[in-house]
Amino acid sequence: MMKTQPRLQQRQVCILIFDDVEVLDFCGPFEVFTVTGGREGLTPFVVSTVAETRQTITARGGLRVEPAHSFENCPSPDILVVPGGMGTRREMNNPGMLSWLQENAERSELTLSVCSGALLLGKAGLLEGLTTTTHHAALDELRAISPRIKVDATKRFIDNSRIIVAAGISAGMDMSLHVVARLLGHEQAAETARYMEYAWDSQSHLSISQA
């Protein structure tokens, strides 16, 4: 009798974008999650972009991107990715943005930040009591948000169980591969990195238990 293969759990990955978002901050995780499992014919992650409205956003360098979803019609994320960029300084003071982040981080399995995306999580009150990091040029800004945010500038990314934060720009790819390894196993993450021809250092993180 033919053995039935277990059904793969698909996770919805929603990547936030906004004007002046850093390109690799969101494109790096987008690449990792979309190519994972591809050579095996698997789609463990369904990846889409989301912005406050469906209007085209202009990322750093003038790259124009049409979001797949607005806040109003975005599917409920299993994994929420919050990138950085100079636009975070504006969005830190956007009540609609902060409210949406609070609501979706509460119900998501994982919330990830890349670079100065940590400033948005911090302003939304999601980093209180956690050990965090961000781009080296934004460390003091992150510290200034709250004395209860513990900033560690020595780590490339930090796993706080439900919230994972990465340092600057390219660190988002290392963090995303770590998430693949955590959810699907180290070999799947290594295969994804091989496909991308990316030199992934799976040990470049600090893991913190929230138990």
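A residue counts as buried when its relative accessible area is under 20%. The model used in these exercises is predicted.

**Exercise 1. Describe helix α7 and its packing against α6.**

Step 1. List the buried residues of α7. They are Gln188, Ala189, Ala190, Glu191, Thr192, Ala193 and Met196.

Step 2. Find the cover. What lies over these buried residues includes α1 and α6.

Step 3. Take the geometry with α6. The axes of α6 (residues 171–184) and α7 (residues 186–196) come within 6 Å. They cross at roughly 145°.

Step 4. Name the contacting residues. From α6 come Met173, Leu177, Val180, Ala181 and Leu184. From α7 come His186, Gln188, Ala189, Thr192, Ala193 and Met196.

Step 5. Sort them by character. The contact of α6 with α7 has 8 nonpolar residues, 3 polar and no charged.

Step 6. Look just past the helix. Glu197 follows α7 and has a positive phi of about 50°.

**Exercise 2. Check the length of helix α1, then find its buried residues.**

Step 1. Count the residues. Helix α1 covers residues 23–35, which is 13 residues.

Step 2. Work out the expected span. The rise is 1.5 Å a residue, and the span is 1.5 Å times one less than the number of residues. For α1 that gives 18 Å.

Step 3. Compare with the model. The end C-alpha atoms of α1 are 18 Å apart, so the two values agree.

Step 4. List the buried residues of α1. They are Asp25, Phe26, Gly28, Pro29, Val32, Phe33 and Val35.

Step 5. Check what follows. Gly37 comes after α1, with a positive phi near 85°.

**Exercise 3. Find the aromatic pairs and classify each.**

Step 1. Search the whole structure. The search gives 2 aromatic pairs. A pair of aromatic rings is described by the distance of the centres and the angle of the planes.

Step 2. Take Phe33 and Phe45. Their ring centres are 5.0 Å apart and their planes stand at 70°. Planes over 60 degrees apart count as edge-to-face, so this pair is edge-to-face.

Step 3. Place the two residues. Phe33 is in helix α1 and Phe45 is in strand β2 (residues 45–51). The pair links distant parts of the chain, 12 residues apart.

Step 4. Check burial. Phe33 has a relative accessible area of 0%, so Phe33 is buried. Phe45 stands at 4% and is buried.

Step 5. Take Phe71 and Trp100. The ring centres are 4.4 Å apart and the planes are at 5°, so the pair is stacked.

Step 6. Place this pair. Phe71 is in the loop between β5 (69–70) and β6 (79–82). Trp100 is in helix α3 (residues 95–107), and the two are 29 residues apart. Phe71 and Trp100 are both buried.

**Exercise 4. Describe the surroundings of Thr88 and Thr111.**

Step 1. Locate Thr88. Thr88 is in helix α2 (residues 87–91). Its relative accessibility is 0%, so Thr88 is buried.

Step 2. List its contacts beyond four places in sequence. Thr88 touches Phe18, Pro83, Ser116, Gly117, Leu119 and Leu120.

Step 3. Relate Thr88 to Gly41. They are 47 residues apart in sequence and 36 Å apart in space, C-alpha to C-alpha.

Step 4. Locate Thr111. Thr111 is in strand β7. Its relative accessible area is 1%, so Thr111 is buried.

Step 5. List the contacts of Thr111, again beyond four places in sequence. They are Leu80, Ala105, Leu121, Arg162, Ile163 and Ile164.

**Exercise 5. Buried or partly exposed: classify Cys115 and Ser161, two non-glycine residues with positive phi.**

Step 1. Take Cys115. Its phi is about 60°. Cys115 lies in the loop between β7 (110–113) and α4 (117–123).

Step 2. Apply the cut-off. At 5% relative accessibility, Cys115 is buried.

Step 3. Take Ser161. Its phi is near 75°. Ser161 lies in the loop between β10 (157–160) and β11 (163–166).

Step 4. Apply the cut-off again. At 26% relative accessibility, Ser161 is partly exposed.

**Exercise 6. Decide where to read the model with caution.**

Step 1. Take the overall score. The protein averages a pLDDT of 93, and 92% of the residues score at least 70.

Step 2. Find a weak stretch. Over residues 1–6, pLDDT stays under 50. The model has 0 contacts beyond four places in sequence for these residues.

Step 3. Conclude. Where pLDDT is low, the predicted coordinates should not be read in detail.

Technical notes
Residues are numbered from 1 along each chain as its sequence is written. This is a predicted model: local features need pLDDT of at least 70, side-chain atom pairs count only at pLDDT 80 or more; totals for chains, interfaces and linings use all residues. Side-chain values use heavy atoms; hydrogens and water are left out. Axes are lines fitted to C-alpha atoms, for helices over the stretch in contact, and angles run from 0 to 180 degrees between N-to-C directions. Helices (H or I, at least four residues) and strands (E, at least two) are DSSP runs, numbered from the N terminus. Contact means heavy atoms within 4.5 Å. Ala, Val, Leu, Ile, Met, Phe, Trp, Tyr, Cys and Pro count as nonpolar, Asp, Glu, Lys and Arg as charged, and the others, Gly among them, as polar. Buried means under 20% relative accessible area, exposed over 50%, partly exposed in between (1.4 Å probe, protein chains only). Rings of Phe, Tyr and Trp (its six-membered ring) pair if their centres lie within 6.5 Å; planes under 30 degrees apart count as stacked, over 60 as edge-to-face and the rest as tilted. pLDDT is the predictor's confidence in each residue, from 0 to 100.
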